[in-house]
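The following exercises concern a single protein model. Each sets a task and then works through the solution in steps.

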Amino acid sequence: MDILEHFIRQLNKEETRAFTMYQQRMNYGIKRKDKYLFEYIRKSKAEDFDEEKIFTKLYFKKDKNAFYRLKNRLLEDVGKSLVLQHIHKTEPLTTIHYYSLAVLFHLKNNLRLAAFYLKKAERNATKYEQYEMLEIIYKQFVKLSMDDVSIDPSIYIENRKQNQTILTKISEMDDVLAIVGYRMKVSQNFSSAMDPAYQKLKDMVNQFMNDPDLQKSKILQLRVYRAASQLLLKQHDYPALEKYLLSTYKQFKDKNLFDRDNHEIQLQMLTYIVNALFKNKKYKKSLSYAENLLEAMKKYDNVLYDKYLFFYYNSLIINYSELDKDKAIELLEEMKSIKQSSFYEQFIYANLAVLWFDKQNYDNAIDNLIKLTTHDSYKKTDTNLRMKIAVAELIIRYEVGDYDVLDYKLNQVKKEFKDLFSKIENEREKELVKLIKKFSSVYSPFKDKRIISMIKKYLEKPQPPEVLNAEIIKYNDWLETKI
């Protein structure tokens with residue numbers, strides 16, 4: 001699917017109607033090939049779209065370059081229509097609109113109008129804390145002052161310095177949050193390795209909590225929330241995370257901090273609340289907040305509904321995996337129809353494998369693990385998570401009784417994760433692999449006193465909650481069933 005086709009297919013009804021009206025104001029000739037192409041793409045199904053067919057229809061196979069020019073022009077027109085439609089609905093676009101007019105009038109040497117629109121841009125950017133845009137606006141004021149003596153550049157130079165101080169703080173936190181968020185995403189929060197990025201984030205939170213600018217800036221308050229929640233999440237301190245999130249969510253609601261521009265923060269916060277309540281075994285309350293998430297997803301014309309549909313399903317699945325496993329499996333099967341990223345597909349297969357394992361349907365568990373480990377993106381998954389998935393597969397292979405495959409997998413796991421097994425934080429997985437090797441090499445292993453003693457010794461080793469929470473299949477629960 002090329003970019004034009006993708007662009008047109010994602011337009012909603014209102015945006016399509018707006019573009020149709022936009023087209024009527026343009027005159028490209030009687031035949032209006034652009035209209036025909038637009039309607040053909042919009043009405044055809046993605047799997048039925050045939051570019052060669054529409055090219056032949058419009059140009060009789062004579063001029064492919066003309067067809068490409070038509071596509072490019074249509075892409076530009078759809079883009080212009082979309083911007084015009086949303087320019088006063090989305091505050092960043094409104095600011096850009098005023099700034100663009102200021103630049104245009106400056107180029108036309110109409111200094112009065114240039115200053116007028118630049119001031120409008122500044123007021124809008126200040127009101128909505130658009131610090132990146134303020135940097136550009138103040139720079140333009142300084143440039144305009146060279147031609148307009150009524151503008152004192154020193155004012156805007158000072159404003160720019162103050163703005164840069166705040167912008168630097170935000171940028172630093174955003175950079176670290178991006179790194180932390182990415183690493184948590186690819187590891188599915190199963191990574192046990194210590195990461196310097198988390199310490200840096202912790203230092204930033206401590207610093208900004210006492211920053212006077214924080215009390216004045218909605219943007220910085222939201223950034224600190226993100227940072228603090230990420231830290232508590234990484235530390236697996238779910239009671240503290242629950243308390244912090246519920247308190248902060250109420251505070252933000254009372255202050256009316258949530259709006260269209262930061263709508264995603266509200267949805268993210270509700271998702272975190274659901275997960276924290278689940279971790280604290282408050283399943284019914286977690287499901288209640290899942291419904292709050294669904295309600296919030298419908299705000300602002302469902303603008304983020306599709307993006308957060310996966311998280312809503314996830315909210316249901318994690319709770320029903322404790323309350324009703326059959327319901328959880330049913331929901332996971334439904335989720336397969338949701339087009340999301342490869343990381344989410346991995347989530348589906350991993351959770352189906354665990355649920356079928358819990359129901360002692362080991363064949364289905366193995367089938368889903370195979371789908372997970374043969375997925376195109378699996379090699380890009382965090383190495384620590386891949387190790388835990390591999391250990392989970394060994395457990396299931398043992399239960400299936402497929403000892404030939406198990407023996408092969410045992411050797412493969414020890415070879416592939418040799419470096420990880422040498423680290424103290426992965427001692428638990430290393431010892432479990434040794435146990436499974438023993439189980440597979442002894443007839444009636446769970447009648448063997450020496451093996452029973454080894455299992456008990458393994459179970460008696462105290463483990464912090466974050467280690468136990470990071471296991472795909474709970475090792476202790478499985479071993480306890482054996483003795």
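**Exercise 1. The second largest pocket**

How do the residues of the lining of the second largest pocket divide into nonpolar, polar and charged? Describe the pocket in this predicted model.

Solution.
1. Start with the volume: the second largest pocket holds about 1,300 Å³ of space.
2. Next, identify the lining. It is made up of 40 residues, and those nearest the centre of the pocket are Thr-90, Arg-260, Asp-261, Val-303 and Leu-304.
3. Then assign the lining to elements. Helix H12 (residues 218-234) supplies the largest share, 5 residues.
4. Finally, sort by residue class: 15 of the lining residues are nonpolar, 9 are polar and 16 are charged.

**Exercise 2. A charged residue without a partner**

Determine the environment of Asp-382, beginning with whether this residue is buried or exposed.

Solution.
1. Asp-382 sits in the loop between helix H20 (362-373) and helix H21 (383-400).
2. Asp-382 is buried, a class that requires under 20% relative accessible area.
3. The nearest side chain of opposite charge belongs to Arg-386, at 7.6 Å. A salt bridge needs a nitrogen-oxygen pair within 4 Å, and Asp-382 has none.
4. A polar atom of the Asp-382 side chain does, however, lie 3.0 Å from the backbone nitrogen of Asn-384.

**Exercise 3. Salt bridges involving helix H24**

How many salt bridges does the structure hold? Which parts does the pair Glu-429 and Lys-388 tie together? Extend the analysis to the pairs formed by Arg-428 and Glu-431.

Solution.
1. The total is 23 salt bridges.
2. In one of the pairs, Glu-429 meets Lys-388 with the closest N and O atoms 3.1 Å apart. Glu-429 belongs to helix H24 (residues 427-441) and Lys-388 to helix H21, so this salt bridge ties together parts that are 41 residues apart in sequence. Both residues are buried.
3. Arg-428 forms a salt bridge with Glu-471, at 2.5 Å from N to O. Because Arg-428 is in helix H24 and Glu-471 is in the loop between helix H26 (465-469) and helix H27 (475-480), the pair ties together parts 43 residues apart in sequence. Glu-471 and Arg-428 are likewise both buried.
4. Glu-431 pairs with Lys-434, the closest N and O atoms being 3.8 Å apart. These two residues both lie in helix H24, 3 residues apart, which is about one turn of the helix.
5. Now consider accessibility. Glu-431 has a relative accessible area of 22% and is therefore partly exposed; Lys-434, at 44%, is also partly exposed.
6. To complete the account, note a network in which salt bridges with shared partners join Glu-393, Arg-397, Asp-402 and Lys-409.

**Exercise 4. Positive phi angles outside glycine**

Characterise the backbone and surroundings of Asn-109 and Ser-444. Where is each found?

Solution.
1. Asn-109 is not a glycine, yet its phi is positive, at about 65 degrees. Its place is the loop between helix H6 (91-107) and helix H7 (111-127).
2. With a relative accessible area of 56%, Asn-109 is exposed, since that class begins over 50%.
3. Ser-444, also not a glycine, has a positive phi of about 50 degrees. Ser-444 lies in the loop between H24 and helix H25 (449-460).
4. The relative accessibility of Ser-444 is 32%, so this residue counts as partly exposed.

Terms used:
Residues numbered from 1 in each chain as written. Predicted model: local features only at pLDDT ≥ 70, side-chain atom pairs only at ≥ 80, totals over all residues. Heavy atoms only, no water. Helix = DSSP H or I, 4+ residues; strand = E, 2+ residues; numbered from the N terminus. Buried < 20%, exposed > 50% of the residue type's maximum accessible area, 1.4 Å probe, protein only. Lys, Arg positive; Asp, Glu negative; His and termini not counted. Polar contact = N/O pair within 3.5 Å; in protein donor to acceptor, adjacent residues only side chain to side chain. 1 Å grid on protein atoms, 1.4 Å probe; cavity = no way out; pocket = protein on both sides within 12 Å on 5 of 7 lines; lining within 4 Å. Points joined across faces, edges and corners; volume = space filled by probe spheres on them. Nonpolar A, V, L, I, M, F, W, Y, C, P; charged D, E, K, R; others polar.
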